[in-house]
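These are my notebook entries on one protein model. I looked up its sheets, some unusual backbone angles and a few single residues.

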Amino acid sequence: ICASSGVCLSAGPVDTAGNKPVDAVSSPDIQLPCKAPVPGDLVINEILADPNPGLDSNGDGFVDSGQDEFVELVNPTNTAIAITGVELKVKGETKHTFPYECLGSGQGMVVFSGGSIGDPDAYLSSLSFISTKSLKLTNSGGGVSVELAGVVLDTMSYGSEAGKDQSVTRYPDMTGEWMVHGEADTRDAKNMSPGTCVDGNAFPLCGTFPADSDVGADTTETLP
């Protein structure tokens, strides 16, 4: 099965009695080849509460202080997970419920507060969504969580550091402490990286040099 991002997933272990993938999520039409997530299987990796005048994060050609807010999530595990029914909450209010789909191992997804998604490919391997309700991530502080059937998969809280015209992000990606994006991105000092690692690479290839970088290239000379 292939996700909308083009990432393809192989079927998991098969229940020989029912001929269905183990831990598959129930559906009247099809069984997803991925397991339901448990705490730690889906992590909040980056949020943008205060888009500055130049941050058109959803790429729709319009800069909007509300619509360009986003929350980025990543599956840090080595197996695909089902995001079906997972709720994204801000200050305890459900803002978005994810559709019937798998999120691959190491794959990310980004949820924008409104508008439209200009170019889904801009987020590389990550899935991209427009939230059902405006995220309303207040600049002065708040809390974000992802939950499934009342079970908290991950949660984070932030303060006034998120009101500095840039996102706050985990660094290193997926496992690190929260900090403002410009301090995490020591090379380019970018203000955000929706759908990608801090360094701009596709998940899960964080901390590696981009393909067009000449860092680490073989510079050995052939002497006459």
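In which loop is Lys91 found? I located Lys91 in the loop between β6 (87–90) and β7 (93–97); helices (H or I, at least four residues) and strands (E, at least two) are DSSP runs, numbered from the N terminus.

**Conventions.** I note that this is a predicted model, in which local features need pLDDT of at least 70 and side-chain atom pairs count only at pLDDT 80 or more, while totals for chains, interfaces and linings use all residues. Residues are numbered from 1 along each chain as its sequence is written, and side-chain values use heavy atoms, with hydrogens and water left out.

**Entry 1: Lys91 and its sheet.** I looked up the backbone of Lys91 and found phi near 50 degrees, a positive value in a residue other than glycine. Lys91 counts as exposed because its relative accessibility is 55%; the classes are buried under 20% relative accessible area, exposed over 50% and partly exposed in between, with a 1.4 Å probe and protein chains only.

The strands on either side of this loop, β6 and β7, pair in the antiparallel sense over 4 bridges. I take two strands as paired if DSSP finds at least two bridges between them. Within this pair, Leu88 stands opposite His96 in β7.

I then followed the sheet outward. It is an open sheet of 4 strands in the order β7-β6-β11-β12, with antiparallel pairing. Its edge strands are β7 and β12, each of which pairs on one side only. On average, neighbouring strands of this sheet are turned by 20 degrees against each other, direction ignored; axes are lines fitted to C-alpha atoms, for helices over the stretch in contact, and angles run from 0 to 180 degrees between N-to-C directions.

**Entry 2: the mixed sheet.** In what order do the 6 strands of the other open sheet stand? I read the order as β10-β9-β4-β3-β13-β14, and the pairing is mixed. Strands β10 (127–130) and β14 (177–180) stand at the edges with a single partner strand each, so one side of each is left without a neighbour in the sheet. Here the average turn between neighbouring strands is 25 degrees, direction ignored.

I next went through three of the pairings.

- β3 (residues 43–48) and β4 (residues 70–74) run antiparallel and are joined by 5 bridges; Val43 stands opposite Val74 in β4.
- β3 also pairs with β13 in the antiparallel sense, over 2 bridges; the bridge partner of Ile47 in β13 is Val168.
- β13 and β14 run antiparallel and are joined by 4 bridges. They form a hairpin with 5 residues between them, and Met174 in the turn has a positive phi of about 75 degrees.

**Entry 3: Thr169.** Is Thr169 buried or exposed? Thr169 is found in strand β13 and counts as buried because its relative accessibility is 0%. Its bridge partner in β14 is Met179.

The side chain of Thr169 reaches the backbone oxygen of Asn45 at 3.2 Å. I also listed the contacts of Thr169 (heavy atoms within 4.5 Å). Not counting residues up to four places away in sequence, Thr169 touches several residues, including Glu46, Trp178, His181, Ala184 and Val198.

**Entry 4: backbone around β13.** I looked up Asp165, which is found in the loop between β12 (151–158) and β13. Asp165 has a positive phi of about 60 degrees although it is not a glycine. With a relative accessibility of 35%, Asp165 counts as partly exposed.

Beyond β13 (168–171), Pro172 has its place in the loop that leads to β14. The peptide bond from Tyr171 to Pro172 is cis, with omega near -5 degrees. A cis peptide bond also joins Phe203 and Pro204, where omega is about 5 degrees. I placed Pro204 in the segment after α1 (181–184).

**Entry 5: Thr79.** Which residues is Thr79 in contact with, leaving aside its neighbours within four places in sequence? I found Lys35 and Ser105. Thr79 is found in the loop between β4 and β5 (81–82) and is partly exposed, with a relative accessible area of 33%. From Thr79 to Cys34 the separation is 45 residues in sequence and 7.6 Å in space, C-alpha to C-alpha.

Terms used:
A polar contact is a pair of N or O atoms within 3.5 Å; within protein, one must be able to donate a hydrogen and the other to accept it, and residues adjacent in sequence count only if both atoms are side-chain atoms.
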